[in-house]
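Trainee: I am new to this model. Please pick one part of it and go through that part closely, saying first how far the coordinates can be trusted.

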Amino acid sequence: MSSSSSYSNPPCAACKFLRRKCLPSCIFAPYFPPEEPIKFTTVHKVFGASNVSKLLNEIQPHQREDAVNSLAYEAEARLKDPVYGCVGAISVLQKQVIRLQKELDATNADLMRYANYESGGGTGTLIGLTYGMFGHRYSSAWNSRINSGDYNNGIDGDSGR
């Protein structure tokens, strides 16, 4: 017995979802393999199969894979955040980079202060900062107490030495 279909490959995820026959010339097949049905479902929900088909037909073949990956990423982001999509994620990451850059700048400034303190023989305050055992910063008021030897005064109830 011969099979009724001469095309034995399974339909791509798009054709399977759209319940149509997947032809060898299917525009979706190279980018939506049968093993990744959720990829097409997500893109279809946000952009629609017709729009994706038009887009793929309008761009150069060597750009299509990148376009589909971008559509899939944006569609997934739009489902998570319908208003901002991937722009929301980018904004959060940019704010995080700015915060981390400020933290890095402050740490570098502290290192420079420490290097200047060490090169000066280690006497005096650390230019307004003293670090405790676990890297905690103390105020310059605390620094003056340490430098004067009066570090117990007022802390543990002992007013003198």
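Mentor: Residues 1-7 have pLDDT under 50 throughout, pLDDT being the predictor's confidence in each residue, from 0 to 100. For these residues the model has three contacts beyond four places in sequence, where contact means heavy atoms within 4.5 Å. Residues 150-161 also have pLDDT below 50, and this stretch has 13 contacts in the model beyond near neighbours in sequence. Where pLDDT is low, the predicted coordinates should not be read in detail. Over the chain the mean pLDDT is 80, and 70% of the residues reach 70 or more.

This is a predicted model, in which local features need pLDDT of at least 70 and side-chain atom pairs count only at pLDDT 80 or more, while totals for chains, interfaces and linings use all residues. Residues are numbered from 1 along each chain as its sequence is written, and side-chain values use heavy atoms, with hydrogens and water left out.

The chain has six helices and two strands, running α-α-α-α-α-β-β-α from the N terminus on. Helices (H or I, at least four residues) and strands (E, at least two) are DSSP runs, numbered from the N terminus. Of the 161 residues, 23% count as buried; buried means under 20% relative accessible area, exposed over 50% and partly exposed in between, with a 1.4 Å probe and protein chains only.

The part to look at is helix α2, residues 37-47. Helix α2 packs against helix α4 (residues 61-80) at an angle of about 70 degrees, and the two axes are 8 Å apart. Axes are lines fitted to C-alpha atoms, for helices over the stretch in contact, and angles run from 0 to 180 degrees between N-to-C directions. α2 and α4 are therefore roughly perpendicular; under 35 degrees counts as roughly parallel, over 145 as roughly antiparallel, 65 to 115 as roughly perpendicular and the rest as oblique. On the α2 side the contact is made by K39, T42, V43, V46 and F47, and the α4 residues include V68, L71, A75 and L79. By class, this contact has eight nonpolar, two polar and four charged residues. Ala, Val, Leu, Ile, Met, Phe, Trp, Tyr, Cys and Pro count as nonpolar, Asp, Glu, Lys and Arg as charged, and the others, Gly among them, as polar.

Two residues of α2 can be set side by side. T42 lies in this helix and counts as buried, at 14% relative accessibility. Leaving aside neighbours within four places in sequence, T42 touches A75, E76 and L79. I38 is also placed in α2, but I38 is exposed, with a relative accessible area of 64%. I38 and A13 are 25 residues apart in sequence and 8.2 Å apart in space, C-alpha to C-alpha.

Helix α2 also packs against α3, at about 100 degrees with axes 7 Å apart, so α2 and α3 too are roughly perpendicular. Here F40, V43, H44 and F47 of α2 meet A49, N51 and V52 of α3. This contact divides into five nonpolar, two polar and no charged residues.

Helix α3 (residues 49-58) has A49, V52, S53 and L56 as its buried residues. Seen down the axis of α3, they fall within an arc of 100 degrees, so they line one face of the helix; the arc is that of the directions from the helix axis to the C-beta atoms. An α-helix has 3.6 residues a turn, so residues three or four places apart point the same way. The cover over the buried residues of α3 includes α1 (13-18), α2 and α4.
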